[in-house]
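Here are some friendly notes to read alongside the structure. Take them in order, with the 3D view open beside you.

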Amino acid sequence: MPVSPRRTVLLAAAASLVALTTTACGDGADAATGDGKTQVRIAYQAIPNADLVVKNQRLLEKALPDVDVKWVKFDSGGDVNTAVIAGSVDLGLAGSSPVTKGLSAPLDIPYKVVWIHDLIGENEALVAKKGISSVKALKGKKIATPFGSTSHYSLLAALESAGLKASDVSLVDLQPQDALAAWQRGDIDAAYVWTPALTDLEKDGKVLVTSRQIADQGKPTADLGVVTDAFAAEHPKIVDAWLTAEDKAVKLAKSDPGKAATAIGAELNLSPEEAKKQLAQLVLLTAKEQQGADYLGKPGAPGELAKNLHDAAVFLKGQKAIDAVPKQSVFDEALAVKELSRVAG
């Protein structure tokens with residue numbers, strides 16, 4: 001099969017990423033470590049959800065004492081996709097937009113959605129400099145967002161809703177902390193990013209629209225847990241332990257948000273109070289809740305998340321962000337409902 005120029009560029013980037021993460025992740029092979037332990041490489045992001053509780057409380061390490069658990073930090077889901085292609089990540093967190101791109105051509109990444117880390121709400125938003133009072137007023141302005149992220153998807157949806165095209169503004173591809181630095185230098189007029197960078201932008205900017213509002217308009221976004229097909233097939237017990245740990249962390253966040261916020265704050269260098277505030281901006285779901293028809297669903301009955309991903313693909317194709325829209329069945333089959341059912345019952 002011919003390799004597209006875009007995929008060639010991505011593979012080259014993946015090779016570079018492998019070189020940078022070899023120390024943290026091993027050599028990219030799904031193999032044992034030097035001491036004979038099986039290794040699982042987990043991609044995480046600085047997002048104030050229960051995944052950071054799992055990491056901070058070492059829930060997976062405690063459940064799997066004979067497994068070498070490696071946590072590797074990434075700035076965006078696009079970077080996670082690159083790492084998966086490089087073979088340096090087994091499990092990880094990526095936004096619904098990057099996952100949609102991952103399941104579409106030209107990437108066609110062999111992974112599936114096994115968990116919903118959170119439904120994105122006020123923790124992602126479009127913030128503009130004071131004096132800009134509407135999305136429509138951004139015409140001709142410079143806006144930063146991480147390309148290929150859920151924020152990028154929501155930004156494009158916000159522009160479309162306001163009657164603007166992407167070409168009506170100047171889009172800049174910047175990770176959240178880089179967008180914050182550009183904002184502070186006065187290089188950009190607006191940014192669509194997530195917390196904790198969003199919190200700093202809000203201090204002297206105006207929120208024009210949040211991802212919760214975009215979701216209410218029919219374009220929801222989420223942070224998803226993905227697992228490679230190969231790892232899921234070879235290490236089902238590790239996947240089950242990871243799901244159980246995530247479910248335990250979500251239940252803690254629901255029953256004792258203060259305790260969960262303390263763990264999250266330690267990971268993000270935030271006070272427990274600020275971490276609790278940011279945690280409240282997300283919707284967290286237990287494993288049982290994720291089996292609902294609106295989410296992942298059950299074996300034989302894939303949930304609404306598959307349709308949401310397909311709808312996102314239609315939108316991204318219209319924005320020329322992917323080559324083609326996969327069939328609905330691709331997204332139905334990408335929901336790891338069998339794995340979830342082993343934990344949720």
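1. A word on vocabulary to begin: contact here means heavy atoms within 4.5 Å. With that in mind, look at helix H11 and helix H17 (residues 337–344). From H11, the residues Pro-236, Val-239, Asp-240, Leu-243 and Thr-244 meet Glu-339, Leu-340, Arg-342 and Val-343 of H17. Sorted by class, this contact has five nonpolar, one polar and three charged residues.

2. Before going further, please keep in mind that this is a predicted model. The mean pLDDT of the protein chain is 91, and 90% of its residues reach 70 or more. Do take care with residues 1–31, where the pLDDT is below 50. Beyond near neighbours in sequence, that stretch has 44 contacts in the model.

3. Back to the first pair of helices. Two packed helices are described by the angle between their axes and the distance between the axes. For H11 and H17 the angle is about 60° and the axes are 9 Å apart. The two helices are therefore oblique to each other. H11 passes H17 in a right-handed crossing.

4. What does H11 meet at residues 252 to 255? There, Leu-252, Ala-253, Lys-254 and Ser-255 of H11 touch Pro-257, Lys-259 and Ala-260 of H12. The axes of H11 (residues 236–255) and H12 (residues 257–268) come within 5 Å and cross at roughly 120°, so H11 is oblique to H12. The contact of H11 with H12 has four nonpolar, one polar and two charged residues.

5. H11 also leads you to a sheet. Five strands form this open sheet, in the order S2-S1-S3-S10-S4, with mixed pairing. Strand S2 (67–73) and strand S4 (111–119) are the edge strands, each pairing on one side only. Neighbouring strands are turned by 25° against each other on average, direction ignored. H11 packs on this sheet and touches strand S1 (38–44), S2, S3, S4 and S10. The direction of H11 makes about 10° with that of S4.

6. Inside that sheet, follow strand S3 (residues 91–95) and strand S10 (residues 222–228). How many bridges join S3 to S10? Five bridges do, and the two strands run antiparallel. Gly-95 is a good place to look, as it stands opposite Asp-223 in S10.

7. A further open sheet has five strands in the order S7-S6-S8-S5-S9, and its pairing is mixed. Strand S7 (170–173) and strand S9 (205–210) are at the edges, where each pairs on one side only. In this sheet, neighbouring strands are turned by 25° against each other on average, direction ignored. Helix H7 (residues 176–185) packs on the sheet, where it touches strand S5 (124–129), S6, S8 and S9. The direction of H7 makes about 150° with that of S8.

8. Within this sheet, do strands S6 and S8 run parallel or antiparallel? Strand S6 (residues 142–145) and strand S8 (residues 190–194) run parallel, joined by two bridges. Ile-143 has Ala-190 of S8 as its bridge partner.

9. One more helix pair deserves a visit: helix H6 (residues 150–161) and helix H15 (residues 304–318), whose axes come within 11 Å and cross at roughly 70°. That angle makes H6 roughly perpendicular to H15, and H6 passes H15 in a left-handed crossing. Tyr-153, Leu-156, Ala-157 and Glu-160 of H6 make the contact with Ala-312, Phe-315 and Leu-316 of H15. By class, the residues divide into six nonpolar, no polar and one charged.

10. Please look at the loop between helix H5 (96–102) and S4, which holds Pro-106. A cis peptide bond joins Ala-105 and Pro-106, with omega about 10°. Asp-108 has its place in the loop between H5 and S4 too. Phi of Asp-108 is near 50°, a positive value in a residue other than glycine.

11. Finally, where does Pro-196 lie? Pro-196 is in the loop between S8 and helix H8 (197–202). A cis peptide bond joins Thr-195 and Pro-196, and omega there is about 5°.

Key. Residues numbered from 1 in each chain as written. Predicted model: local features only at pLDDT ≥ 70, side-chain atom pairs only at ≥ 80, totals over all residues. Heavy atoms only, no water. Axes fitted to C-alpha atoms, helices over the stretch in contact; angles between N-to-C directions. Helix = DSSP H or I, 4+ residues; strand = E, 2+ residues; numbered from the N terminus. Parallel < 35°, antiparallel > 145°, perpendicular 65-115°, else oblique. Nonpolar A, V, L, I, M, F, W, Y, C, P; charged D, E, K, R; others polar. pLDDT = per-residue confidence, 0-100. Pairing = 2+ DSSP bridges. Left-handed = near helix turned anticlockwise from the far one by under 90°.
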